[in-house]
Amino acid sequence: MKSLFIAFFVVLFVSCNSDDDPVIKDYREQNEQEIQEYINQNGLTATRTASGLYYVVDETGEGAEITATSDVAVRYKGFYTNGTILDENTQEGLAINLQQTIGGWTEGLQHFREGGSGMLLIPSHLAYGSKNYSGIPAGSVLIFEFELVDYDVENKQEIIEYITDNDLDALESDSGLFYVIEEPGTGDQPDINSYVNVVYQGYFTSGDVFDESTENGISFNLNEVIPGWTEGIQYFKEGGSGKLLIPSSLAYGKYGNQAIPGGAVLIFDVELKMVN
């Protein structure tokens, strides 16, 4: 339910300014008591911020720092204080920019780094406010258990497992790209500005193919493709072949692209046919 977290504050503030609207109830005191009771009943060690948000740190995380404008991938479960589940995405995770979320997420996730996990206890003024919203009752306290996905770590583990399982002789570059030279080639070696022709097949670590060329290959400029290709094809000379094992940071990132899920590791069997 991705739309759950899209900020609605403009709509809320416009409606609050209407002379025909009834007085909007302030739930802050009620929410504070409700959160305190939940913390005490569940034996939580929670920190309160000046805004009234509470957060619990299970793991701070060791990945990238989170800011108010970060793109993040989050696995989460959201529920009310009575335990009723509001929404969850615990497998693939939700990719979103923190400027597009409720205030409690924008503020709360900045107390963690990628790879971190914990809980946010969010009063209604940092969530969906004093009116019913998309099935969420007015004044609701929302609780989220979450994990900030660190794809750098997860992708590297996935690639190493694939290399081990398939007995590959792979090299790792400084960028995090892994590559296998099966035939180095004997012709010209491309640079970042080269126009090349490549025969390829692209697939996930599961073996599922998502794209492939014809036997004639495709032609393109190396500075116009995903970074994993821009870098990886330069390790071959014309006539060379091998594999590129590309983490999502060098492919389609947290958001993915069409048939490519966010955070996906991509593998390409490549043959460099021509360098111009």
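**Exercise 1. Is Asp 87 buried or exposed, going by its relative accessibility? Place the residue in its element and find its side-chain partner.**

Solution. The model is a predicted one, and the values below are computed from it. Start with the location: Asp 87 belongs to strand E4. Next, take its relative accessibility, which is 9%; because buried means under 20% relative accessible area, Asp 87 counts as buried. Finally, look at the side chain: the side chains of Asp 87 and Tyr 76 are joined by a polar contact of 2.7 Å.

**Exercise 2. Describe the surroundings of Thr 49, moving from its element to its contacts.**

Solution. The loop between strand E1 (47-48) and strand E2 (54-59) holds Thr 49. With a relative accessibility of 11%, Thr 49 counts as buried. When residues up to four places away in sequence are not counted, Thr 49 touches Tyr 55, Glu 107 and His 111. For Glu 107 the contact can be described further, since the side chain of Thr 49 makes a polar contact with the side chain of Glu 107 at 2.7 Å.

**Exercise 3. Work out the setting of Ser 70, and state how far its C-alpha atom is from that of Ser 51.**

Solution. Ser 70 is placed in the loop between E2 and E3, and a relative accessible area of 13% makes Ser 70 buried. Leaving aside neighbours within four places in sequence, the residues in contact with Ser 70 are Glu 65, Ile 96, Asn 97 and Leu 98. Within its own stretch of chain, the side chain of Ser 70 reaches the backbone nitrogen of Thr 67 at 2.8 Å. As for Ser 51, Ser 70 is 19 residues from it along the chain, and their C-alpha atoms are separated by 20 Å.

**Exercise 4. Which residues of the largest nonpolar core touch the most other members, and which elements supply this core?**

Solution. The largest nonpolar core has 25 residues, of which Trp 105, Leu 109 and Ile 122 touch the most other members. Two or more residues of this core come from each of strand E3 (71-79), strand E4 (85-97), strand E5 (117-122) and strand E6 (142-148). The element that gives the most is E6, with 4 residues. A second core, separate from this one, has 23 residues, including Leu 222, Trp 229, Ile 246 and Val 270.

**Exercise 5. Characterise the largest pocket by volume, lining and class of residue, and then examine Asp 211 as one of its lining residues.**

Solution. Begin with the volume of the largest pocket, which is about 230 Å³. Its lining is made up of 13 residues, and those closest to the centre are Tyr 200, Phe 210, Asp 211, Tyr 252 and Phe 268. At least two lining residues are supplied by each of E10 and strand E11 (218-221). Sorted by class, the lining has 11 nonpolar, 1 polar and 1 charged residues.

Turn now to Asp 211, which is found in strand E10 (residues 209-212). Its relative accessible area is 34%, and Asp 211 is therefore partly exposed, a class that lies between the limits of 20% and 50%. Apart from neighbours within four places in sequence, Asp 211 is in contact with Tyr 200, Gln 201 and Gly 202. With Tyr 200 there is also a polar contact, side chain to side chain, at 2.7 Å. By C-alpha atoms, Asp 211 and Thr 230 are 18 Å apart in space and 19 residues apart in sequence.

Beyond this strand, the loop between E10 and E11 contains Glu 215, which counts as exposed at 71% relative accessibility. Glu 215 and Val 198 are 17 residues apart in sequence, and the C-alpha to C-alpha separation is 9.3 Å.

**Exercise 6. What is the sign of phi in Asp 167, and where does Gln 258 lie? Compare the two residues with the general expectation for phi.**

Solution. The expectation is that most residues other than glycine have a negative phi. Asp 167 has a positive phi of about 50° although it is not a glycine. This residue lies in the loop between helix H4 (151-165) and strand E7 (171-172), and Asp 167 is exposed, with a relative accessible area of 71%. In Gln 258, phi is again positive, with a value near 55°. Gln 258 lies in the loop between strand E12 (241-246) and strand E13 (266-275), and its relative accessible area of 81% makes Gln 258 exposed.

Definitions and conventions. Residues numbered from 1 in each chain as written. Predicted model: local features only at pLDDT ≥ 70, side-chain atom pairs only at ≥ 80, totals over all residues. Heavy atoms only, no water. Buried < 20%, exposed > 50% of the residue type's maximum accessible area, 1.4 Å probe, protein only. Contact = heavy atoms within 4.5 Å. Polar contact = N/O pair within 3.5 Å; in protein donor to acceptor, adjacent residues only side chain to side chain. Core = buried A, V, L, I, M, F, W, Y, C linked by side-chain atoms within 4.5 Å. 1 Å grid on protein atoms, 1.4 Å probe; cavity = no way out; pocket = protein on both sides within 12 Å on 5 of 7 lines; lining within 4 Å. Points joined across faces, edges and corners; volume = space filled by probe spheres on them. Nonpolar A, V, L, I, M, F, W, Y, C, P; charged D, E, K, R; others polar.
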